[in-house]
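Here is a short, friendly tour to read alongside the sequence and the coordinates. Please keep the viewer open as you go.

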Amino acid sequence: VRDGFSTFINALGTCVKPCLTQIVSSVLWQFNNKSAKVRQQAADLTTRLAVVFKQCGEVQPISTLGLVLFEQLGEEYPDTPDESAGQGSFAPNDTCPP
């Protein structure tokens with residue numbers, strides 16, 4: 001389902017811009033799910049949607065998802081944020097091709 005949804009959204013490209021708020025809300029809900037599998041799927045979906053967010057010029061929502069992802073990572077692996085803190089912050093331009 002995740003692959004199909006991300007393929008569909010990528011195919012729509014900038015036409016999906018009016019729906020980005022609902023998509024972000026759904027992904028944030030998945031990040032707060034108790035199931036680790038659901039949270040992993042939300043992380044995978046975030047990486048696949050980053051290109052469309054950049055095409056639409058919507059950097060803030062993907063930055064928010066990246067921050068939540070980073071926080072979730074800190075809960076799963078408490079030592080990881082401390083080790084990577086000096087390596088820079090999440091930037092959509094780093095994950096999205098030009």
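In what order do the elements of the protein run from the N terminus on? In this predicted model, the order is α-α-α-α-α-α. The count is six helices and zero strands.

**The whole chain**

Of the 98 residues in the protein, 31% are buried. About 6,400 Å² is exposed, and carbon and sulfur atoms supply 57% of that area. Take the contacts between residues at least 6 apart in sequence: 68% of them join residues at least 24 apart.

**Helix 3**

Let us turn to helix 3, which covers residues 36-55. Its 20 residues, at 1.5 Å a residue, should span 28 Å, and the end C-alpha atoms are 30 Å apart, which agrees. Along the way, helix 3 bends by about 40° at Leu 49.

Both ends have a detail to look at. At the start of helix 3, the backbone nitrogen of Lys 37 has a side-chain oxygen of Ser 35 within 3.3 Å. Just after helix 3, Gly 57 has a positive phi of about 75°.

Which residues of helix 3 are buried? They are Arg 39, Ala 42, Ala 43, Leu 45, Thr 46, Leu 49, Ala 50, Val 52 and Phe 53. When reading such a list, recall that an α-helix has 3.6 residues a turn, so residues three or four places apart point the same way.

**Leu 49 and its partners**

Leu 49 is worth a second look, as the residue where helix 3 bends. Is Leu 49 buried or exposed? With a relative accessible area of 1%, Leu 49 counts as buried, because the cut-off for that word is under 20%. Ser 6, in helix 1 (residues 2-12), is also buried, with a relative accessible area of 3%.

The table sets these two residues side by side, with contacts that leave out residues up to four places away in sequence.

| Residue | Helix | Relative accessible area | Touches |
|---|---|---|---|
| Leu 49 | helix 3 | 1% | Ser 6, Ile 9 and Ile 23 |
| Ser 6 | helix 1 | 3% | Leu 45, Arg 48 and Leu 49 |

Leu 49 and Ser 6 thus appear in each other's rows: Leu 49 touches Ser 6, and Ser 6 touches Leu 49 along with Leu 45 and Arg 48. Of these partners, Leu 45 is another of the buried residues of helix 3.

How far apart are Leu 49 and Thr 7 in sequence and in space? They are 42 residues apart in sequence, while their C-alpha atoms are 9.1 Å apart in space.

Technical notes. Residues are numbered from 1 along each chain as its sequence is written. This is a predicted model: local features need pLDDT of at least 70, side-chain atom pairs count only at pLDDT 80 or more; totals for chains, interfaces and linings use all residues. Side-chain values use heavy atoms; hydrogens and water are left out. Helices (H or I, at least four residues) and strands (E, at least two) are DSSP runs, numbered from the N terminus. The expected span of a helix is 1.5 Å times one less than its number of residues. The bend at a residue is the angle between axes fitted to the seven residues ending there and the seven starting there. Buried means under 20% relative accessible area, exposed over 50%, partly exposed in between (1.4 Å probe, protein chains only). A polar contact is a pair of N or O atoms within 3.5 Å; within protein, one must be able to donate a hydrogen and the other to accept it, and residues adjacent in sequence count only if both atoms are side-chain atoms. Contact means heavy atoms within 4.5 Å. Accessible areas come from the Shrake-Rupley method with a 1.4 Å probe; for residues, only the protein chains shown count as cover.
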